[in-house]
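Biologist: I am new to this model and would like a close look at a single part of it. Please take one helix, say what is covered in it and what covers it, and then follow the neighbouring elements outwards.

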Amino acid sequence: MPRFGRLLLGTATAAVVMAGGVLPAAAHPFGDPQTVAITGDGAVVHLRWKVGGLDDLTLLGVALGVLPRDRVMMDGAVIYQPADAVAMAPSPKLSEYLLRQITVASGDKECPGSVRPAADLAKAGVSIDYTCPAAVGEVSVTVKTLTDLNPAYKTLATGPNGARAVYGDGNDRHDWTLGAVEESHLGRSAAVQLGAVGGAVGGAVLLVVAGVFGVRRRRS
């Protein structure tokens, strides 16, 4: 897009934000992807969520009303400040958002989640414990974080026994085996999932290139 066209787009986007509208579709999904790590311990499913780019954390904070809207500049760039993570970590709005966007089910039973206080939100992310009615062998985990801001966001997920998956808009639910699995089954599953991750990494490269031309990030 020509420079003048990008300037017009950024100005229009900032105007929407300043006017109190929804966050722009041109949010920042083109950097490092967010991640989730899933483990099981009897009836409890442990999940750790980490944001990808720190400016994504700022953008989420603005969307939740935790951070001021002036973090989004007139040209669409997002300014991350270390104080953003400090303000976000204890916010009930962040906990409510994560519990709404990341859910766990065992069979047809939803497992209530509890967010543990984040000691270092920017580097270590947030840990969430989901307590299921009984010990679980297989659970369904749904992840919709940030895709409500822009459907281009992806989440790379890891689980027990080397299992991996990629979450995205329209592909937000995966089943995970938390107990012991047969070796032959693990081999097939890992091959399929690693192929999916490989595709996602390739896609992420393209998204980064698109981001270079379409969105300019700024950090202070």
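Modeller: **Helix 2 and its surroundings**

The buried residues of helix 2 are Asp-55, Asp-56, Leu-57, Thr-58, Leu-59, Leu-60, Gly-61, Val-62 and Leu-64, where buried means under 20% relative accessible area, exposed over 50%, and partly exposed in between (1.4 Å probe, protein chains only). This is a predicted model, in which local features need pLDDT of at least 70 and side-chain atom pairs count only at pLDDT 80 or more, while totals for chains, interfaces and linings use all residues. Residues are numbered from 1 along each chain as its sequence is written, and side-chain values use heavy atoms, with hydrogens and water left out.

Helix 2 spans residues 54-64 and is mostly covered, with nine of its 11 residues buried; helices (H or I, at least four residues) and strands (E, at least two) are DSSP runs, numbered from the N terminus. The cover over its buried residues includes strand 2, helix 3 (82-88), helix 4 and helix 5 (121-124), with contact taken as heavy atoms within 4.5 Å. After helix 2 comes Gly-65, whose phi is positive, near 80 degrees.

The loop between helix 2 and helix 3 holds Val-78, which is buried, with a relative accessible area of 1%. Val-78 lies 23 residues from Asp-55 in sequence, and the two are 5.9 Å apart in space, C-alpha to C-alpha.

Strand 2 (residues 44-50), part of that cover, pairs with strand 6 in the antiparallel sense over six bridges; two strands pair if DSSP finds at least two bridges between them. Within this pairing, Val-45 stands opposite Tyr-130 in strand 6. Strand 6 (residues 126-131) is itself mostly covered, five of its six residues being buried, and strand 5 (residues 113-115) also pairs with strand 6 in the antiparallel sense, over three bridges, with Val-115 opposite Ile-128.

Helix 4 (residues 92-101), also part of the cover, leads to another group of strands, as helix 4 lies across strand 3 and strand 7 and runs at about 45 degrees to strand 3. Axes here are lines fitted to C-alpha atoms, for helices over the stretch in contact, and angles run from 0 to 180 degrees between N-to-C directions. Strand 3 (residues 102-106) and strand 7 (residues 138-143) pair in the antiparallel sense over four bridges, and Ile-102 has Val-143 in strand 7 as its bridge partner.
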